[in-house]
Amino acid sequence: MNILILGATGFIGSVVAARLVADGHAVTGLGRNPTRARLKQPAIDWRRTDLSRITKPEDWDEILKDQQVVVNCAGALQDGPADDLAATQAEAMLALYAAAKRMSQPLIVQISARTTGAAGELPFLATKRRADEALATSGLPHLILRPALVLGRNAHGGSSLLRALAALPLALPLVHAESPIETLSVDDVAEAVSRAVAGGLRGDIDLAADEVLTLADLVSLHRQWLGLPPARVFSLAPWLAKPVTWLADMAGLLGWRSPLRSTAMTVMSEGIRSAKGESGLTATSATATLSANPSGVQDLWFARLYLLKPLVISGLSAFWLLSGLIPLLALTKTSAHFLPFMPEATATALTLATCLIDAALGAAVLVRPLAKRALLGMLAVSFAYLIGASLLEPTLWLDPLGVLVKVLPSILLTLTALATLDER
(Lines give C-alpha, C1' and ligand atoms only; values in the text may rest on other atoms or scores of the structure.)
Protein backbone atom coordinates (compact mmCIF):
# COMPACT_ATOMS: atom_id res chain seq x y z
CA MET A 1 0.00 0.00 0.00
CA ASN A 2 1.01 3.65 -0.43
CA ILE A 3 1.38 5.17 3.01
CA LEU A 4 2.05 8.79 3.95
CA ILE A 5 3.62 9.46 7.35
CA LEU A 6 3.47 12.93 8.89
CA GLY A 7 6.32 13.61 11.30
CA ALA A 8 8.29 10.70 9.92
CA THR A 9 11.61 12.12 11.15
CA GLY A 10 10.51 12.02 14.80
CA PHE A 11 11.07 9.53 17.59
CA ILE A 12 7.81 7.64 16.98
CA GLY A 13 7.45 8.44 13.29
CA SER A 14 10.85 7.04 12.31
CA VAL A 15 10.11 3.69 13.97
CA VAL A 16 6.63 3.49 12.47
CA ALA A 17 8.08 4.27 9.04
CA ALA A 18 10.73 1.56 9.37
CA ARG A 19 8.10 -1.00 10.42
CA LEU A 20 5.81 -0.20 7.49
CA VAL A 21 8.72 -0.44 5.04
CA ALA A 22 9.57 -3.83 6.54
CA ASP A 23 5.93 -4.83 6.02
CA GLY A 24 6.43 -4.22 2.30
CA HIS A 25 4.57 -0.91 1.91
CA ALA A 26 5.62 2.09 -0.18
CA VAL A 27 6.22 4.79 2.42
CA THR A 28 6.39 8.54 1.89
CA GLY A 29 7.74 10.53 4.81
CA LEU A 30 6.93 14.19 5.49
CA GLY A 31 9.23 16.32 7.62
CA ARG A 32 10.47 19.87 7.92
CA ASN A 33 14.09 18.85 7.49
CA PRO A 34 14.42 15.28 6.20
CA THR A 35 18.00 15.62 4.93
CA ARG A 36 19.53 13.36 7.56
CA ALA A 37 16.53 11.03 7.60
CA ARG A 38 16.97 10.51 3.86
CA LEU A 39 20.50 9.23 4.53
CA LYS A 40 19.40 6.99 7.40
CA GLN A 41 16.29 5.55 5.74
CA PRO A 42 16.84 5.63 1.95
CA ALA A 43 13.94 3.22 1.30
CA ILE A 44 11.49 6.01 2.16
CA ASP A 45 10.40 8.69 -0.30
CA TRP A 46 11.12 11.86 1.69
CA ARG A 47 9.36 15.18 1.16
CA ARG A 48 10.15 18.45 2.88
CA THR A 49 6.90 19.97 4.16
CA ASP A 50 5.93 22.16 7.11
CA LEU A 51 2.46 21.19 8.37
CA SER A 52 1.85 24.70 9.68
CA ARG A 53 1.88 25.92 6.06
CA ILE A 54 -0.65 23.46 4.63
CA THR A 55 -3.83 24.48 6.45
CA LYS A 56 -6.24 24.53 3.48
CA PRO A 57 -7.77 21.43 1.84
CA GLU A 58 -6.31 22.31 -1.57
CA ASP A 59 -2.82 22.36 -0.01
CA TRP A 60 -3.15 18.60 0.51
CA ASP A 61 -4.30 17.60 -2.98
CA GLU A 62 -0.88 16.85 -4.44
CA ILE A 63 0.43 15.36 -1.17
CA LEU A 64 -2.48 12.91 -0.84
CA LYS A 65 -2.44 11.80 -4.47
CA ASP A 66 -2.38 7.97 -4.67
CA GLN A 67 -2.00 7.62 -0.87
CA GLN A 68 -4.13 4.89 0.73
CA VAL A 69 -3.14 5.48 4.36
CA VAL A 70 -2.05 8.59 6.28
CA VAL A 71 -0.31 8.16 9.64
CA ASN A 72 0.02 11.32 11.71
CA CYS A 73 3.00 11.10 14.07
CA ALA A 74 3.62 14.86 14.10
CA GLY A 75 3.26 17.03 17.17
CA ALA A 76 4.82 19.63 19.43
CA LEU A 77 4.65 20.44 23.13
CA GLN A 78 4.30 24.24 23.12
CA ASP A 79 4.26 27.12 20.68
CA GLY A 80 7.62 28.53 19.63
CA PRO A 81 9.45 30.03 16.65
CA ALA A 82 9.26 26.70 14.79
CA ASP A 83 6.07 25.34 16.36
CA ASP A 84 2.52 26.61 15.83
CA LEU A 85 0.26 24.18 17.68
CA ALA A 86 -3.04 25.52 16.33
CA ALA A 87 -1.80 25.29 12.75
CA THR A 88 0.11 22.01 13.00
CA GLN A 89 -2.08 19.92 15.31
CA ALA A 90 -5.53 21.27 14.43
CA GLU A 91 -5.89 23.41 11.30
CA ALA A 92 -3.62 21.25 9.12
CA MET A 93 -5.43 18.12 10.28
CA LEU A 94 -8.89 19.54 9.58
CA ALA A 95 -7.70 20.52 6.11
CA LEU A 96 -6.31 16.99 5.64
CA TYR A 97 -9.65 15.41 6.57
CA ALA A 98 -11.55 17.71 4.21
CA ALA A 99 -9.19 16.92 1.34
CA ALA A 100 -9.28 13.18 2.12
CA LYS A 101 -13.10 13.07 2.04
CA ARG A 102 -13.26 14.44 -1.50
CA MET A 103 -10.41 12.27 -2.75
CA SER A 104 -9.78 8.56 -2.17
CA GLN A 105 -10.83 8.61 1.52
CA PRO A 106 -7.63 7.02 2.88
CA LEU A 107 -7.38 5.42 6.28
CA ILE A 108 -6.24 8.04 8.83
CA VAL A 109 -4.17 6.85 11.79
CA GLN A 110 -3.80 9.60 14.39
CA ILE A 111 -1.13 9.19 17.09
CA SER A 112 -2.68 11.28 19.85
CA ALA A 113 -2.69 11.32 23.65
CA ARG A 114 -5.08 11.39 26.58
CA THR A 115 -6.56 14.87 26.16
CA THR A 116 -8.27 15.25 29.54
CA GLY A 117 -6.89 16.08 32.97
CA ALA A 118 -4.85 18.94 34.40
CA ALA A 119 -3.32 19.90 31.06
CA GLY A 120 -6.47 19.29 29.02
CA GLU A 121 -7.11 22.96 28.25
CA LEU A 122 -3.51 23.81 27.41
CA PRO A 123 -2.82 24.27 23.66
CA PHE A 124 -0.87 21.00 23.41
CA LEU A 125 -3.85 18.80 24.30
CA ALA A 126 -6.65 21.17 23.27
CA THR A 127 -5.45 21.20 19.66
CA LYS A 128 -5.04 17.42 19.64
CA ARG A 129 -8.56 17.01 21.05
CA ARG A 130 -9.98 19.29 18.35
CA ALA A 131 -8.32 17.17 15.64
CA ASP A 132 -9.39 13.90 17.28
CA GLU A 133 -13.03 14.97 17.55
CA ALA A 134 -13.07 16.13 13.93
CA LEU A 135 -11.59 12.83 12.77
CA ALA A 136 -14.06 10.79 14.83
CA THR A 137 -17.02 12.52 13.16
CA SER A 138 -15.50 12.82 9.67
CA GLY A 139 -16.82 9.54 8.29
CA LEU A 140 -13.28 8.60 7.23
CA PRO A 141 -11.90 5.18 8.18
CA HIS A 142 -9.65 5.91 11.14
CA LEU A 143 -7.74 4.84 14.21
CA ILE A 144 -7.03 7.27 17.03
CA LEU A 145 -4.24 5.76 19.09
CA ARG A 146 -3.48 7.23 22.53
CA PRO A 147 -0.18 5.79 23.81
CA ALA A 148 1.11 6.41 27.32
CA LEU A 149 4.75 7.45 27.78
CA VAL A 150 6.64 5.91 24.87
CA LEU A 151 10.07 4.38 25.47
CA GLY A 152 12.50 2.88 23.00
CA ARG A 153 16.10 2.37 21.99
CA ASN A 154 16.33 6.04 21.13
CA ALA A 155 14.99 8.90 23.21
CA HIS A 156 13.38 12.29 22.71
CA GLY A 157 11.66 14.81 24.94
CA GLY A 158 10.38 13.17 28.11
CA SER A 159 12.30 9.94 27.61
CA SER A 160 15.51 11.96 27.18
CA LEU A 161 14.81 13.75 30.45
CA LEU A 162 14.32 10.43 32.23
CA ARG A 163 17.80 9.34 31.17
CA ALA A 164 19.32 12.68 32.16
CA LEU A 165 17.73 12.61 35.61
CA ALA A 166 18.84 9.02 36.08
CA ALA A 167 22.46 10.00 35.41
CA LEU A 168 22.62 12.75 38.03
CA PRO A 169 25.49 12.19 40.48
CA LEU A 170 24.96 11.10 44.09
CA ALA A 171 21.20 11.78 44.43
CA LEU A 172 18.01 12.12 42.38
CA PRO A 173 16.05 15.31 43.18
CA LEU A 174 12.60 14.91 41.61
CA VAL A 175 9.41 16.94 41.46
CA HIS A 176 6.18 14.88 41.38
CA ALA A 177 8.26 11.85 42.34
CA GLU A 178 5.15 9.82 43.29
CA SER A 179 3.15 10.58 40.14
CA PRO A 180 2.01 7.32 38.49
CA ILE A 181 3.25 6.68 34.96
CA GLU A 182 2.21 4.07 32.42
CA THR A 183 4.59 3.28 29.58
CA LEU A 184 4.93 1.16 26.48
CA SER A 185 7.51 0.45 23.81
CA VAL A 186 7.68 2.47 20.61
CA ASP A 187 7.58 -0.90 18.84
CA ASP A 188 4.10 -1.42 20.35
CA VAL A 189 2.95 1.77 18.62
CA ALA A 190 4.45 0.57 15.33
CA GLU A 191 2.70 -2.79 15.76
CA ALA A 192 -0.65 -1.09 16.33
CA VAL A 193 -0.20 1.03 13.19
CA SER A 194 0.81 -2.04 11.20
CA ARG A 195 -2.34 -3.87 12.30
CA ALA A 196 -4.48 -0.85 11.44
CA VAL A 197 -3.00 -0.75 7.94
CA ALA A 198 -3.68 -4.46 7.57
CA GLY A 199 -7.34 -3.75 8.32
CA GLY A 200 -7.63 -5.20 11.80
CA LEU A 201 -7.85 -2.12 13.98
CA ARG A 202 -10.17 0.88 14.02
CA GLY A 203 -11.68 3.28 16.54
CA ASP A 204 -10.25 5.13 19.54
CA ILE A 205 -7.76 3.11 21.58
CA ASP A 206 -5.65 3.83 24.65
CA LEU A 207 -2.43 1.82 24.70
CA ALA A 208 -0.22 1.16 27.71
CA ALA A 209 1.40 -1.73 29.54
CA ASP A 210 -0.25 -3.08 32.68
CA GLU A 211 2.77 -2.02 34.76
CA VAL A 212 2.32 1.31 36.58
CA LEU A 213 5.43 2.93 38.05
CA THR A 214 5.99 6.15 39.93
CA LEU A 215 8.29 8.73 38.40
CA ALA A 216 10.86 7.85 41.07
CA ASP A 217 10.62 4.16 40.14
CA LEU A 218 10.99 4.93 36.44
CA VAL A 219 14.04 7.15 36.94
CA SER A 220 15.64 4.53 39.18
CA LEU A 221 14.94 1.86 36.55
CA HIS A 222 16.72 3.99 33.94
CA ARG A 223 19.62 4.50 36.32
CA GLN A 224 20.00 0.74 36.63
CA TRP A 225 19.75 0.46 32.83
CA LEU A 226 22.64 2.92 32.48
CA GLY A 227 24.74 0.76 34.80
CA LEU A 228 24.94 3.31 37.61
CA PRO A 229 24.74 2.45 41.33
CA PRO A 230 21.47 3.15 43.17
CA ALA A 231 20.95 6.70 44.41
CA ARG A 232 18.57 8.16 46.94
CA VAL A 233 15.50 9.96 45.59
CA PHE A 234 14.68 13.35 47.11
CA SER A 235 11.11 14.48 46.54
CA LEU A 236 11.01 18.24 45.94
CA ALA A 237 8.06 20.57 46.40
CA PRO A 238 6.56 21.64 43.03
CA TRP A 239 7.22 25.33 43.71
CA LEU A 240 10.95 24.65 43.68
CA ALA A 241 10.70 23.73 40.00
CA LYS A 242 8.95 26.96 38.97
CA PRO A 243 12.18 28.90 38.24
CA VAL A 244 13.43 26.03 36.06
CA THR A 245 10.08 25.79 34.30
CA TRP A 246 10.05 29.56 33.70
CA LEU A 247 13.55 29.42 32.20
CA ALA A 248 12.52 26.44 30.04
CA ASP A 249 9.49 28.36 28.78
CA MET A 250 11.68 31.39 27.98
CA ALA A 251 14.08 29.09 26.13
CA GLY A 252 11.07 27.71 24.26
CA LEU A 253 10.30 31.19 22.96
CA LEU A 254 13.83 31.18 21.52
CA GLY A 255 13.29 27.83 19.81
CA TRP A 256 14.70 25.38 22.37
CA ARG A 257 12.27 22.47 22.96
CA SER A 258 12.94 21.60 26.58
CA PRO A 259 10.91 18.79 28.22
CA LEU A 260 10.93 20.92 31.40
CA ARG A 261 8.46 23.45 29.98
CA SER A 262 5.25 24.22 31.85
CA THR A 263 3.03 21.98 29.72
CA ALA A 264 5.11 18.89 30.51
CA MET A 265 5.24 19.77 34.19
CA THR A 266 1.46 20.21 34.29
CA VAL A 267 0.97 16.80 32.68
CA MET A 268 3.41 15.22 35.12
CA SER A 269 1.64 16.78 38.13
CA GLU A 270 -1.05 14.10 37.87
CA GLY A 271 0.98 11.44 36.09
CA ILE A 272 0.42 9.65 32.80
CA ARG A 273 -2.48 7.22 32.96
CA SER A 274 -4.78 5.74 30.33
CA ALA A 275 -8.27 4.32 30.09
CA LYS A 276 -7.31 1.01 28.55
CA GLY A 277 -10.10 -1.04 27.04
CA GLU A 278 -10.23 -4.34 25.19
CA SER A 279 -8.37 -3.88 21.92
CA GLY A 280 -6.50 -7.12 21.40
CA LEU A 281 -3.21 -5.22 21.62
CA THR A 282 -0.43 -5.95 24.06
CA ALA A 283 2.07 -3.41 25.36
CA THR A 284 5.57 -3.90 26.70
CA SER A 285 6.47 -2.79 30.22
CA ALA A 286 9.28 -0.31 30.89
CA THR A 287 11.36 -3.06 32.48
CA ALA A 288 11.01 -5.29 29.43
CA THR A 289 11.57 -2.43 26.98
CA LEU A 290 14.85 -1.41 28.59
CA SER A 291 15.98 -5.01 29.07
CA ALA A 292 15.47 -5.66 25.36
CA ASN A 293 17.70 -2.69 24.50
CA PRO A 294 20.84 -2.83 26.69
CA SER A 295 22.52 0.54 27.10
CA GLY A 296 25.94 1.39 25.73
CA VAL A 297 28.49 4.01 26.66
CA GLN A 298 26.86 6.36 24.13
CA ASP A 299 23.68 6.31 26.25
CA LEU A 300 25.62 7.24 29.36
CA TRP A 301 27.35 10.09 27.53
CA PHE A 302 24.01 11.35 26.22
CA ALA A 303 22.40 11.18 29.67
CA ARG A 304 25.25 13.09 31.32
CA LEU A 305 25.48 15.71 28.60
CA TYR A 306 21.75 16.33 28.25
CA LEU A 307 21.37 18.72 31.18
CA LEU A 308 24.87 20.15 30.66
CA LYS A 309 23.96 21.29 27.14
CA PRO A 310 21.85 24.31 28.19
CA LEU A 311 24.55 25.28 30.69
CA VAL A 312 27.20 25.12 27.96
CA ILE A 313 25.12 27.29 25.62
CA SER A 314 24.32 29.76 28.41
CA GLY A 315 27.96 29.88 29.51
CA LEU A 316 29.19 30.60 26.01
CA SER A 317 26.56 33.29 25.62
CA ALA A 318 27.62 35.00 28.86
CA PHE A 319 31.31 34.74 27.93
CA TRP A 320 30.84 36.40 24.54
CA LEU A 321 28.40 39.02 25.77
CA LEU A 322 30.77 40.06 28.56
CA SER A 323 33.71 39.97 26.15
CA GLY A 324 31.85 42.47 24.01
CA LEU A 325 30.49 44.71 26.74
CA ILE A 326 33.32 44.93 29.29
CA PRO A 327 35.86 46.56 26.91
CA LEU A 328 33.35 49.35 26.28
CA LEU A 329 33.77 50.41 29.92
CA ALA A 330 37.41 51.33 29.18
CA LEU A 331 37.33 51.94 25.45
CA THR A 332 40.43 54.15 25.34
CA LYS A 333 42.54 51.67 27.26
CA THR A 334 41.30 48.75 25.16
CA SER A 335 41.92 50.45 21.83
CA ALA A 336 45.45 51.37 22.96
CA HIS A 337 46.57 47.85 21.98
CA PHE A 338 46.06 48.82 18.33
CA LEU A 339 47.80 52.24 18.46
CA PRO A 340 51.27 50.95 17.46
CA PHE A 341 49.76 49.65 14.23
CA MET A 342 47.10 52.22 13.19
CA PRO A 343 45.77 55.73 13.85
CA GLU A 344 43.73 56.38 16.99
CA ALA A 345 40.42 56.77 15.14
CA THR A 346 40.91 53.49 13.32
CA ALA A 347 41.90 51.74 16.56
CA THR A 348 38.74 52.97 18.26
CA ALA A 349 36.58 51.91 15.33
CA LEU A 350 38.18 48.44 15.25
CA THR A 351 37.64 48.04 18.99
CA LEU A 352 33.99 48.97 18.68
CA ALA A 353 33.58 46.55 15.77
CA THR A 354 35.07 43.62 17.66
CA CYS A 355 32.93 44.42 20.71
CA LEU A 356 29.83 44.48 18.55
CA ILE A 357 30.74 41.14 16.93
CA ASP A 358 31.35 39.50 20.31
CA ALA A 359 28.06 40.74 21.76
CA ALA A 360 26.12 39.78 18.64
CA LEU A 361 27.49 36.22 18.74
CA GLY A 362 26.70 35.97 22.45
CA ALA A 363 23.09 36.97 21.81
CA ALA A 364 22.63 34.91 18.63
CA VAL A 365 23.71 31.61 20.20
CA LEU A 366 20.68 31.81 22.52
CA VAL A 367 18.30 31.70 19.53
CA ARG A 368 17.93 28.06 18.41
CA PRO A 369 17.62 28.72 14.64
CA LEU A 370 20.78 30.89 14.80
CA ALA A 371 22.78 28.78 17.25
CA LYS A 372 24.81 26.73 14.76
CA ARG A 373 25.85 29.77 12.75
CA ALA A 374 26.68 31.62 15.94
CA LEU A 375 28.88 28.77 17.18
CA LEU A 376 30.68 28.58 13.84
CA GLY A 377 31.12 32.36 14.03
CA MET A 378 32.61 32.02 17.51
CA LEU A 379 35.16 29.55 16.20
CA ALA A 380 36.06 31.78 13.25
CA VAL A 381 36.40 34.90 15.40
CA SER A 382 38.39 33.05 18.08
CA PHE A 383 40.93 31.81 15.57
CA ALA A 384 41.07 35.25 13.96
CA TYR A 385 41.80 36.82 17.36
CA LEU A 386 44.50 34.23 18.11
CA ILE A 387 46.21 34.66 14.73
CA GLY A 388 45.94 38.45 14.76
CA ALA A 389 47.23 38.79 18.31
CA SER A 390 50.06 36.32 17.67
CA LEU A 391 51.23 38.38 14.70
CA LEU A 392 50.76 41.86 16.15
CA GLU A 393 51.47 41.33 19.85
CA PRO A 394 52.91 37.85 20.53
CA THR A 395 53.89 38.80 24.09
CA LEU A 396 50.22 38.44 25.03
CA TRP A 397 50.81 34.67 25.17
CA LEU A 398 52.97 35.35 28.23
CA ASP A 399 50.47 37.68 29.89
CA PRO A 400 50.04 36.60 33.56
CA LEU A 401 46.25 36.75 33.16
CA GLY A 402 46.37 34.37 30.19
CA VAL A 403 44.57 36.72 27.78
CA LEU A 404 45.14 34.42 24.80
CA VAL A 405 45.48 31.12 26.64
CA LYS A 406 41.90 31.49 27.91
CA VAL A 407 40.62 31.49 24.35
CA LEU A 408 41.66 27.84 23.91
CA PRO A 409 39.18 26.31 26.43
CA SER A 410 36.52 28.60 24.94
CA ILE A 411 37.17 26.99 21.55
CA LEU A 412 36.87 23.51 23.06
CA LEU A 413 33.59 24.44 24.76
CA THR A 414 32.27 25.78 21.46
CA LEU A 415 33.18 22.51 19.73
CA THR A 416 31.36 20.62 22.49
CA ALA A 417 28.25 22.77 21.95
CA LEU A 418 28.37 22.08 18.21
CA ALA A 419 28.73 18.35 18.81
CA THR A 420 25.63 18.24 21.03
CA LEU A 421 23.46 20.74 19.15
CA ASP A 422 21.35 18.31 17.12
CA GLU A 423 17.97 17.35 18.60
CA ARG A 424 17.12 14.46 16.25
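This tour moves through a predicted model from the whole chain to selected strands, a helix, a loop residue, two cavities and a pocket.

**The whole chain**

Begin with the full protein chain in a cartoon view, where 17 helices and 12 strands can be traced. The C-alpha trace spans about 80 × 55 × 35 Å along its principal axes, and of the 424 residues in the chain, 47% are buried. If you display contacts between residues at least 6 apart in sequence, 77% of them join residues at least 24 apart.

**Thr28 in strand E2**

Select strand E2, residues 26–31, and pick out Thr28 within that strand. Thr28 counts as buried because its relative accessibility is 6%, and the cut-off for buried is under 20%. Now show what surrounds this residue: apart from neighbours within four places in sequence, Thr28 is in contact with Ile3, Leu4, Ile5, Ile44, Asp45, Arg47 and Gln67. A distance can be drawn from Thr28 to Leu6 as well, since the two C-alpha atoms are 8.8 Å apart in space while the residues are 22 apart in sequence.

**Strand E9 and its partners**

Next, select strand E9, residues 180–185, which is mostly covered, with five of its six residues buried. Add strand E7, residues 149–151, and you will find that E7 and E9 pair in the parallel sense over three bridges; within this pairing, Val150 has Leu184 of E9 as its bridge partner. Then add strand E11, residues 212–214, which runs antiparallel to E9 and is joined to E9 by three bridges. Here the pair to label is Glu182 and Val212, the latter being the bridge partner in E11. While the side chains are displayed, bear in mind that in a regular strand they alternate between the two faces of the sheet.

**Helix H10**

Keep E9 on display and select helix H10, residues 262–270, in which the buried residues are Thr263, Ala264, Met265 and Met268. What lies over these buried residues? The elements covering them include H5, strand E8 (171–175), E9, helix H8 (215–225) and helix H9 (242–253). Move along to the residue that follows H10, which is Gly271, and inspect its backbone, where phi is positive, near 85 degrees.

**Ser138 in the loop after H5**

Helix H5, one of the elements that cover H10, leads to the next stop. Select the loop between helix H5 (123–136) and strand E6 (142–147), where Ser138 lies. Is Ser138 buried or exposed? Ser138 counts as buried, because its relative accessibility is 12%. Show its side chain together with the backbone of Leu135, and draw the distance from the backbone oxygen of Leu135 to a polar atom of the Ser138 side chain, which is 2.7 Å.

**The two cavities**

A search of the whole structure finds two cavities of 30 Å³ or more, and both can be located by selecting their linings. For the largest cavity, with a volume of about 40 Å³, select Gln78, Asp79, Gly80, Pro81, Ala82, Asp83, Gly252, Gly255, Trp256, Arg257 and Arg261. Coloured by class, this lining has three nonpolar, four polar and four charged residues.

For the second largest cavity, with a volume of about 30 Å³, select Leu51, Asn72, Ala74, Thr88, Gln89, Met93, Gln110 and Lys128. Helix H4, residues 85–101, supplies the largest share of this lining, three residues. By class, the lining of the second largest cavity has three nonpolar, four polar and one charged residues.

**The second largest pocket**

Finish at the second largest pocket, which has a volume of about 1300 Å³. Centre the view on Pro327, Thr334, His337, Tyr385 and Val403, which, of the 32 lining residues, lie nearest the centre of the pocket. Which helices should be selected around it? At least two lining residues each come from helix H13 (308–325), helix H14 (331–335), helix H15 (344–364) and helix H16 (368–392), and H16 contributes the largest share, six residues. Colour the lining of this pocket by class to end the tour, and it separates into 19 nonpolar, eight polar and five charged residues.

Key: Residues numbered from 1 in each chain as written. Predicted model: local features only at pLDDT ≥ 70, side-chain atom pairs only at ≥ 80, totals over all residues. Heavy atoms only, no water. 1 Å grid on protein atoms, 1.4 Å probe; cavity = no way out; pocket = protein on both sides within 12 Å on 5 of 7 lines; lining within 4 Å. Points joined across faces, edges and corners; volume = space filled by probe spheres on them. Helix = DSSP H or I, 4+ residues; strand = E, 2+ residues; numbered from the N terminus. Nonpolar A, V, L, I, M, F, W, Y, C, P; charged D, E, K, R; others polar. Buried < 20%, exposed > 50% of the residue type's maximum accessible area, 1.4 Å probe, protein only. Polar contact = N/O pair within 3.5 Å; in protein donor to acceptor, adjacent residues only side chain to side chain. Pairing = 2+ DSSP bridges. Contact = heavy atoms within 4.5 Å.
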